[in-house]
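User: Got a model open here and I'd like to talk through how a couple of its helices pack. Can you walk me through it?
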Amino acid sequence: MICGIVLSAGRSRRMGEPKALLRAGGETFLARAVRALREGGCDHVVVVTGPDSDPHARAVQDEARALGASVAVNPHANSQQADSLRAGLMALPDDAKAAAVSPVDIPDLSPALLRELVRAARRTGAPIALPLHEGKHGHPVLFARRMFAELCAPGLPDGARTVIHAHAAELAEVPVDALAPDLDTPDDLRRWRERA
């Protein structure tokens, strides 16, 4: 089983409102991410949110459950994204063979790209598959189960990037014309909407 993890525990300080609940094309960003992962081949999707004490996190949890996704809570509001990834990995079913991971603030997540990543990983046996454009990696990132322990280990100074760099010679890199942008600020959102 291939699973999806949507990282949505950030506090969206720069955006000024929860990015998971921003709307585009009649859907929330969270709904777009969950749909893209499902259409890309994920049988099970986990949404990682902030702590229950945060009303915005509770709203994201409600939205995730309404979408039929599972919820994993990162209880530490000011922790790193790697901590949210660990929470998501720990919530996966035992028969998860791989996890496709994406932050929620990438509204152009491509199901077709995810399917290509899965094909590349199967064809090459690579433990990590990810898109590549002009020397830069993007999302989603597909991690084989054998990477989960490394991703959950403490002391990853650059989070998942530390693991990706450690396996640089084993990556399945899928060339793309452009990387889907992540939207961190109202200006990012405005520019993205103008292009959409």
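User: How do H1 and H4 sit relative to each other: parallel, perpendicular or oblique?
Analyst: H1 and H4 are oblique, a label for angles outside the other classes (under 35 degrees is roughly parallel, over 145 roughly antiparallel, 65 to 115 roughly perpendicular). The axes of H1 (residues 29-39) and H4 come within 8 Å and cross at roughly 40°. Axes here are lines fitted to C-alpha atoms over the stretch in contact, with angles from 0 to 180 degrees between N-to-C directions. Helices are DSSP runs of H or I with at least four residues, strands are E runs with at least two, numbered from the N terminus.

User: Is this experimental or predicted, and what's filtered?
Analyst: It's a predicted model: local features need pLDDT of at least 70, side-chain atom pairs count only at pLDDT 80 or more, and totals for chains, interfaces and linings use all residues. Residues are numbered from 1 along each chain as its sequence is written, and side-chain values use heavy atoms, leaving out hydrogens and water.

User: Which residues in H1 meet H4?
Analyst: Ala 36, Leu 37 and Glu 39 in H1 meet Pro 111, Leu 114 and Arg 115 in H4, where contact means heavy atoms within 4.5 Å.

User: Switching topic, which peptide bond is cis?
Analyst: The one from His 139 to Pro 140, with omega near 0°. Pro 140 is in the loop between strand E8 (136-137) and E9.

User: And which non-glycine has a positive phi?
Analyst: Glu 134, at about 50°. Glu 134 lies in the loop between E7 and E8.
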